[in-house]
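Let's walk through this one together, with an eye on what links one stretch of chain to another. Keep the viewer open as you read.

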Amino acid sequence: ASPSNDPATDASLSPSTDLTSRPSTAPSLQCSEEASDEFFFRMSPTNQQPIIRNCGWLQARGNKLSLCADYQEGGNDGIGIYFSPAREVCRNSCRTCDLTFAPAVTPRPSEASAIPSSQPSLLPSDSPIISRTTSPLPTDCIDDASWKSGSSEPVFSGVSCRYIGTDTLWCEALIADRKYDNFGKTVADACCTCAGYEVASVAPSTVATGVPSPVLTLAPSEIMSMIPSASPSNDPATDASLSPSTDLTSRPSTAPSLQCSEEASDEFFFRMSPTNQQPIIRNCGWLQARGNKLSLCADYQEGGNDGIGIYFSPAREVCRNSCRTCDLTFAPAVTPRPSEASAIPSSQPSLLPSDSPIISRTTSPLPTDCIDDASWKSGSSEPVFSGVSCRYIGTDTLWCEALIADRKYDNFGKTVADACCTCAGYEVASVAPSTVATGVPSPVLTLAPSEIMSMIP
């Protein structure tokens with residue numbers, strides 16, 4: 001509403017479409033770049049030769065802004081010609097259009113002489129002669145021909161600079177994880193194509209900084225501090241301690257200490273045998289030796305009676321360390337109260353177990369635990385794992401792990417866990433689709449065509 005009568009002292013960002021009768025005191029900003037404009041990038045970490053890049057190369061980098069910020073110094077190329085840094089040459093890519101840089105101070109070359117000098121000039125010529133022969137010294141980056149990426153992954157390990165060629169997608173993949181470094185170098189150190197890619201560490205430093213972080217962590221440290229807190233709490237903890245205190249406290253705890261222990265001989269109800277429907281009782285020592293103990297604790301959460309009616313709690317209530325259920329509270333098992341003992345034997349068997357059962361010295365005609373299926377042998381036609389019987393397995397659980405891993409070893413409609421008592425605790429993890437049709441079409445389309453021709457048009 002009140003235009004100024006004085007000319008502007010700052011440059012305009014774009015030229016005016018109307019001519020002015022008063023000239024500006026500062027030129028308009030010219031901010032443009034060509035893909036062929038060259039700048040000094042850095043010294044090569046491989047051979048300490050200067051690396052000269054152009055704006056086209058920078059434009060294709062995903063991390064161009066960090067490159068502009070990290071490499072702000074200009075420098076000479078291999079024959080002494082000075083190049084400014086990227087932020088002064090590729091202003092659009094570096095977003096430095098609004099910055100003013102001091103001009104580079106370059107010495108003035110001497111006047112040209114018609115007689116060649118007997119000594120080389122310390123300053124470059126204004127009109128250098130372009131050599132038609134290859135220079136014996138490199139003027140740019142040279143790949144490390146002996147370098148290959150580390151790791152043992154089938155795709156990204158053993159990749160050489162020659163294989164990478166000019167494909168920068170390899171640079172992005174191999175610089176993303178330090179496991180691909182090799183011979184003390186990253187792909188950016190070894191291969192010229194990847195020289196502009198910087199390593200972004202994805203793991204915390206293993207060396208302490210010596211200065212505490214100003215930001216609090218969300219999780220407590222796993223390592224106990226050697227320095228006591230400057231602000232100890234005055235209130236008792238509401239959570240139980242993991243280990244008893246060695247010093248008595250004048251203020252009682254609001255929660256009891258956790259008692260979480262187990263003996264290898266502590267017994268629990270595992271499950272009913274799939275072979276003879278008899279209860280299977282195991283102990284914590286058996287569970288501790290299982291590689292799948294946590295899944296067993298989670299899958300079998302019900303207690304039950306043994307063959308003579310004695311109740312056993314499930315593993316998660318008995319073997320708390322193995323099942324990692326120390327912090328859980330379980331309701332006590334409700335067991336019926338037995339009747340008073342009578343001096344005269346009853347004419348009918350009691351429905352409740354005796355408090356003092358008589359241990360028989362003879363073998364019971366009925367099984368009280370698992371019985372191997374003597375007719376079962378493992379399937380398949382492999383020379384090692386086919387035709388293995390429960391008797392052959394004995395107590396060697398390594399056979400259980402091998403035969404339960406693949407359904408092709410099932411036979412007579414049973415897995416080795418169903419047939420052999422030693423393997424009763426091993427669960428089947430199916431790794432192959434069923435060979436029997438369900439009779440109901442799946443609601444989800446398959447990604448691959450069926451290998452069997454349909455009999456229905």
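**Charged pairs and cysteine links**

Let's begin with a lysine: Lys408 has a relative accessibility of 38%, so it counts as partly exposed. Its side chain meets that of Glu382 in a salt bridge, with 2.5 Å from N to O. Glu382 sits in the loop between α11 and α12, while Lys408 sits in the loop between α13 and α14, so the salt bridge ties together parts that are 26 residues apart in sequence. Glu382 is partly exposed as well, at 27% relative accessibility.

Before going further, a word on how far to trust the picture. This is a predicted model, and the protein chain averages a pLDDT of 73, with 55% of the residues scoring at least 70. Some stretches call for extra care: over residues 199-203 the pLDDT is below 50, and this stretch has four contacts in the model beyond near neighbours in sequence. Residues 359-368 also have a pLDDT below 50, and there the model shows three contacts beyond near neighbours in sequence.

Back to the charges. The structure holds six salt bridges, and the Glu382 pair has company in the loops it joins. Lys414 and Asp373 form a salt bridge too, at 2.6 Å from N to O. Here Lys414 lies in the loop between α13 (397-404) and α14 (416-419), and Asp373 in the loop between α11 (320-323) and α12 (390-393), which puts the partners 41 residues apart. What about their surroundings: are these two buried or exposed, or something in between? Lys414 has 24% relative accessibility, so it is partly exposed. Asp373 comes in at 16%, and because buried means under 20%, it counts as buried.

Another salt bridge to find on your screen is the one between Lys179 and Glu153, whose closest N and O atoms are 2.5 Å apart. Lys179 belongs to the loop between α6 (168-175) and α7 (187-190), and Glu153 to the loop between α4 (91-94) and α5 (161-164); the two are 26 residues apart. Lys179 is partly exposed at 37% relative accessibility, and Glu153 is partly exposed at 27%.

Now for the cysteines. How many disulfides does the structure hold? There are 10. One of them joins Cys161 and Cys191, with the sulfur atoms 1.9 Å apart. The torsion about that S-S bond is about -80°, so this disulfide is left-handed. Cys161 is in helix α5 and Cys191 in the loop between α7 and β5 (267-272), so the link ties together parts 30 residues apart in sequence. Both Cys161 and Cys191 are buried.

Next, look at Cys284 and Cys319, joined by a disulfide with an S to S distance of 2.0 Å. Its torsion is about -90°, so the Cys284 to Cys319 link is left-handed. Cys284 is part of helix α8 (residues 284-288), whereas Cys319 is in the loop between α10 (315-318) and α11, 35 residues apart. Cys284 is buried at 0% relative accessible area, and Cys319 is buried at 0% too.

Finally, Cys390 and Cys420 form a disulfide, with 1.9 Å between their sulfur atoms. It is left-handed, with -80° about the S-S bond. Cys390 lies in helix α12 and Cys420 in the segment after α14, so you'll be looking across 30 residues of sequence. Cys390 is buried, with a relative accessible area of 5%, and Cys420 is buried at 2%.

Methods:
Residues are numbered from 1 along each chain as its sequence is written. This is a predicted model: local features need pLDDT of at least 70, side-chain atom pairs count only at pLDDT 80 or more; totals for chains, interfaces and linings use all residues. Side-chain values use heavy atoms; hydrogens and water are left out. pLDDT is the predictor's confidence in each residue, from 0 to 100. Contact means heavy atoms within 4.5 Å. A salt bridge is a side-chain nitrogen of Lys or Arg within 4 Å of a carboxyl oxygen of Asp or Glu. Helices (H or I, at least four residues) and strands (E, at least two) are DSSP runs, numbered from the N terminus. Buried means under 20% relative accessible area, exposed over 50%, partly exposed in between (1.4 Å probe, protein chains only). A disulfide is a pair of cysteine sulfur atoms within 2.5 Å.
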